[in-house]
Amino acid sequence: MRPPCILAIGRNYADHAAEMGGTALGNPIVFMKNPASVIGDGDSIVIPPICQEHGPQVDWEGELAVVLGRDCRDVALDEAMNCIAGYAVANDVSARWWQKEGSGGQFCRGKSFDTFCPMSAMTPASTVGDPQTLTLKTSLNGEVVQESSTGLMLFPVATLVHQLSRGTTLVKGTVMLTGTPAGVGFARKPPRFLKHGDVVEVEITRVGRLRNPVVEV
């Protein structure tokens with residue numbers, strides 16, 4: 001089902017910030033994705049014609065997703081974990097030209113095309129335990145392209161809930177994408193982008209696995 005809101009975090013792993021030519025900042029980089037971009041496990045990531053106009057550009061970003069279980073505002077840091085219903089595996093699919101050049105420096109459009117937010121079913125928080133002790137692995141056509149620990153997040157899950165709820169009501173069902181580690185296609189030399197026939201898999205220990213084929217139309 002579509003969440004009411006998707007909040008996403010940029011540069012939350014130092015190695016990814018470095019590979020993208022940026023640095024980590026003192027506050028989280030926050031952007032939004034269109035809830036209509038959500039698809040499920042097994043559904044196709046569809047690269048639309050608008051994302052083919054400026055050459056190959058559609059990239060993968062394996063991420064841990066946090067699902068809020070209640071409305072929350074001004075949540076104290078030591079209460080933040082009580083707001084979480086569960087976790088999911090996500091892929092913050094990104095059209096890099098639209099993210100970096102086509103939208104005035106704003107991330108939203110390049111991240112929000114239809115099918116650009118694959119997510120697995122939610123796993124209850126009680127089953128997952130500490131979200132900072134998980135291994136995240138992304139594979140493209142069976143080749144591992146990202147592998148890291150959520151313990152390397154610059155802003156841990158509790159901090160994100162605390163920070164993003166300051167002065168702002170985060171409604172029940174809101175999804176928070178917590179950032180991606182190094183290994184995205186844009187940073188490779190030469191760059192490597194998704195194409196028709198590819199299969200992207202993201203796996204996070206104790207949370208689940210997400211598998212999506214890629215289709216160009």
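The legends below describe close-up views of a predicted model.

Local features are given only where pLDDT is at least 70 and side-chain atom pairs only at pLDDT 80 or more, while totals for chains, interfaces and linings use all residues. Residues are numbered from 1 along each chain as its sequence is written, and side-chain values use heavy atoms, with hydrogens and water left out.

**View 1. Surroundings of Glu61 in the loop between strand 5 (58–59) and strand 6 (62–68).** Strands, here and below, are DSSP runs of E with at least two residues, and helices are runs of H or I with at least four residues, both numbered from the N terminus. Glu61 has a relative accessibility of 4% and therefore counts as buried (buried is under 20% relative accessible area, exposed over 50%, and partly exposed in between, with a 1.4 Å probe and protein chains only). Its side chain makes a polar contact with the side chain of Lys111 at 3.3 Å; such a contact is a pair of N or O atoms within 3.5 Å, where within protein one must be able to donate a hydrogen and the other to accept it, and residues adjacent in sequence count only if both atoms are side-chain atoms. Beyond its neighbours within four places in sequence, Glu61 is in contact (heavy atoms within 4.5 Å) with residues including His16, Asp92, Arg96 and Thr180.

**View 2. The open sheet of six strands and the covering of helix 5 (residues 157–164).** The six strands follow the order 2-1-13-6-7-10 with mixed pairing, two strands being paired if DSSP finds at least two bridges between them. Strand 2 and strand 10 (123–124) stand at the edges with a single partner strand each, so one side of each is left without a neighbour in the sheet. Strand 6 and strand 7 run antiparallel and are joined by seven bridges, and Ala90 in strand 7 is the bridge partner of Glu63. Helix 5 is mostly covered, with six of its eight residues buried, and these buried residues pack against strand 1 (6–10), strand 2 (29–33), strand 6, strand 7 (84–91) and strand 13 (175–177).

**View 3. The open sheet of five strands, in the order 4-15-14-11-12.** Pairing in this sheet is mixed, and strand 4 (45–47) and strand 12 (143–149) stand at its edges, each with a single partner strand, so one side of each is left without a neighbour in the sheet. Strand 11 (residues 135–140) and strand 14 (residues 199–204) run antiparallel and are joined by five bridges; Thr138 stands opposite Val202 in strand 14.

**View 4. The aromatic pair of Phe31 and Phe107.** The structure holds four aromatic pairs (rings of Phe, Tyr and Trp, the last by its six-membered ring, with centres within 6.5 Å; planes under 30 degrees apart count as stacked, over 60 as edge-to-face and the rest as tilted). The ring centres of Phe31 and Phe107 are 5.3 Å apart and their planes stand at 65°, so the pair is edge-to-face. Phe31 counts as buried at 8% relative accessibility, whereas Phe107, at 25%, counts as partly exposed.

**View 5. The surroundings of Cys51.** A search of the whole structure finds zero disulfides, a disulfide being a pair of cysteine sulfur atoms within 2.5 Å. The closest cysteine sulfur to that of Cys51 belongs to Cys108 and is 13 Å away, too far for a bond. Cys51 is buried, with a relative accessible area of 2%.
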